[in-house]
Amino acid sequence: MKSHPIVGAAVFTAVMEAAGYRCQCSGECGQPHTKGDGRCLHEHDHYTSKHGRRVRLMAAPVDPLATDVAAARLPASELRAWCPDCHGAAARLARKRLPAAPTDQCGLFDL
């Protein structure tokens, strides 16, 4: 039996069943996932061989930088299954790719 979060269990279940209870990262984290034919091998409630911990997948938006409020408003069809490792790495990579903030703004204490 697969574990489910208490809140949003119906949405979580719909996303996981569509994903086959497997992480849907296909390289957004920066890893090619060559052993999984381009898709992450982590499965929900299975142990990782490297660290020996249980993988708990999450239902999150395709855009890893989406806010929690925006994610809560999305239907299950616009969410995907992510393992924490891939989701965190994809968010870091997406933040690096954001355009730099303009530095030519006047500061509060510029004279």
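Among contacts in the protein chain between residues at least 6 apart in sequence, what percentage join residues at least 24 apart? The share is 50%. Keep in mind that we're looking at a predicted model. The mean pLDDT of the chain is 87, with 84% of its residues at 70 or more. Where pLDDT is low, the predicted coordinates shouldn't be read in detail.

**Layout**

The chain's secondary structure adds up to three helices and two strands. Starting at the N terminus, they come in the order α-β-α-β-α. Confidence is lowest, among these elements, for helix α2 and highest for strand β2:

| Element | Residues | Mean pLDDT |
|---|---|---|
| Helix α2 | 68-73 | 88 |
| Strand β2 | 79-82 | 96 |

Of the 111 residues, 28% count as buried. The chain exposes about 7800 Å², and carbon and sulfur atoms supply 57% of that area.

**Helix α3 and the core**

Helix α3 takes up residues 84-97, 14 residues in total. From its first C-alpha to its last it reaches 20 Å, close to the 20 Å expected at 1.5 Å a residue. Its buried residues are C86, H87, A89, A90, A91 and A94. An α-helix has 3.6 residues a turn, so residues three or four places apart point the same way. And what covers the buried part of α3? The cover includes β1 (58-61) and β2.

C86 turns up again in the largest nonpolar core, which has 19 residues. The residues with the most contacts inside that core are M16, C23, C25, L57, C83 and C86. At least two core residues come from each of α1 (9-19), β2 and α3, and α1 gives the largest share, with four.

C25 is worth a closer look. Leaving out residues up to four places away in sequence, C25 touches H33, G38, R39, C40, R80, A81, W82 and C86.

**R80, an arginine in strand β2**

One of those partners, R80, sits in strand β2. Is R80 buried or exposed? R80 counts as buried because its relative accessible area is 10%, and the cut-off for buried is under 20%. The R80 side chain also makes a polar contact with the side chain of E28, at 3.3 Å.

The wider surroundings of R80, again without residues up to four places away in sequence, are V15, Q24, C25, S26, E28, M58, A59, A60, P61 and V62. So E28 appears among the residues R80 touches as well as being its polar partner, because contact here means heavy atoms within 4.5 Å.

Methods:
Residues numbered from 1 in each chain as written. Predicted model: local features only at pLDDT ≥ 70, side-chain atom pairs only at ≥ 80, totals over all residues. Heavy atoms only, no water. pLDDT = per-residue confidence, 0-100. Expected span 1.5 Å × (residues − 1). Buried < 20%, exposed > 50% of the residue type's maximum accessible area, 1.4 Å probe, protein only. Core = buried A, V, L, I, M, F, W, Y, C linked by side-chain atoms within 4.5 Å. Areas by Shrake-Rupley, 256 points an atom, 1.4 Å probe, with all protein chains shown as cover. Polar contact = N/O pair within 3.5 Å; in protein donor to acceptor, adjacent residues only side chain to side chain.
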